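Colleague: Got a minute to go through this one with me? I'd like to know what stands behind each label.

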Amino acid sequence: MTDFPKLRLRRLRRTEALRALICETSLEVGDLIYPLFVVEGRGLRQEIASMSGIFRYSVDLLPQEVKEIAKLGIPAVLLFGIPEYKDEVGSRAYHPNGIVQQAVRAIKKAVPELIIITDVCLCEYTSHGHCGIVVGDEIDNDQTLLLLAKTALSHAEAGADIVAPSDMMDGRVKVVREILEEAGFHNTLILSYAAKYASVFFDPFRNAVESTPRFGDRRSYQMNPANWREALRAVKQNIAEGADMIMVKPTLAYLDVIRTVRDNFNCPLVAYNVSGEYAMVKAAAKHGWLDERQAILEILTAIKRAGADIIITYHAKEAARWLLPR
Ligand code: PBG
Ligand code: ZN
């Protein structure tokens, strides 16, 4: 048995060089995805009250913003749209000239090599704020599927590289894959929000896109935070239906889920460090209660240590500045 003083773990921690040598987890700009909010109008750059440092951009200001993102070495953006109007069936979600479709075209033109991921859901576009079609007081799964497929197809037609269904309806990956194949978009990837929990940590995001449900909540389609075995079933199902990449969301209260999914599947794994997780760090840092840079780098490293390959984070730009080789 190896015992003290033969074994002294502190020998390995003594100098900066030794610590770097034995470091087990690397955090790289190339693993980060930056979410972008796009709004109708011109010349708009509106800071989101609940997410300090994050803005809604009108399409005309996107080229400048995405050039900066690409220059920082961030390889991909995730788009969310705030439409000019909302209705019962979320019709602006799948309109060929909807806000996300316009944004995709503008970004592709400005920075062709930037990977464009689009969030596919109805909640930003429905008057009731739910992710699907409302029938009575329920969210109808199967009626929603066709609209999600149409939304994904319209994003692909605009030039999206990856579509990311976040609605949590059963069978959406299957219908999205089918419609893409039929239309000849064989190479458009699907990043599925496979294990997405009914989490309070999305609250600041809903304020950003005005998608808080007018009645009820999302617990009949998003997962119960108490469950992890169900996450494995959901991931398995999503991969079987054709997901190219899968996601666990949120991250900090779900590091065990990230680890379990990583240990059970070989599919690229994306973790979404969500709005509420971002807002907590910003609020504490603003008060001087913790060192912001250290907090952010510790959190992002922990998400990678848990097993994520890729992290979607509102911290991507600031992290990129700290991580870039100088
Ligand atoms: C749309 C969607 C949400 C988020 C990503 N896509 C909100 C929700 O499901 O209520 C949350 C993102 C975040 O909180 O940063 N369904
Ligand atoms: Zn939604």
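Colleague: Which cavity is the space taken by ligand 1?

Modeller: The largest cavity. The term means a set of points on a 1 Å grid over the protein atoms alone where a 1.4 Å probe fits but cannot get out. Mind that this is a predicted model, where local features need pLDDT of at least 70, side-chain atom pairs count only at pLDDT 80 or more, and totals for chains, interfaces and linings use all residues. Residues are numbered from 1 along each chain as written, chains are lettered from A and ligands numbered from 1 in written order, and side-chain values use heavy atoms, without hydrogens and water.

Colleague: What makes Tyr314 a polar contact of ligand 1?

Modeller: A polar contact is a pair of N or O atoms within 3.5 Å. An N or O atom in the Tyr314 side chain sits 2.6 Å from a ligand oxygen, so the pair qualifies. Arg218 also reaches a ligand oxygen, at 2.9 Å, and the side chain of Asp119 is 3.2 Å from a ligand nitrogen.

Colleague: How much of ligand 1 does the protein cover?

Modeller: 100% of the 400 Å² of accessible area it has on its own, by the Shrake-Rupley method with a 1.4 Å probe.

Colleague: Why is Lys317 with Glu65 called a salt bridge?

Modeller: The term needs a side-chain nitrogen of Lys or Arg within 4 Å of a carboxyl oxygen of Asp or Glu. Here the closest N and O atoms are 2.8 Å apart, so the name fits. Lys317 is in helix α11 and Glu65 in helix α2, so the bridge ties together parts 252 residues apart in sequence; helices are DSSP runs (H or I, at least four residues).

Conventions
A polar contact is a pair of N or O atoms within 3.5 Å; within protein, one must be able to donate a hydrogen and the other to accept it, and residues adjacent in sequence count only if both atoms are side-chain atoms. On a 1 Å grid over the protein atoms alone, a cavity is a set of points where a 1.4 Å probe fits but cannot get out, and a pocket is an open set with protein on both sides within 12 Å along at least five of seven lines; lining residues have an atom within 4 Å of a point. A molecule sits in a cavity or pocket if more than half of its atoms lie within 2 Å of its grid points. Helices (H or I, at least four residues) and strands (E, at least two) are DSSP runs, numbered from the N terminus.
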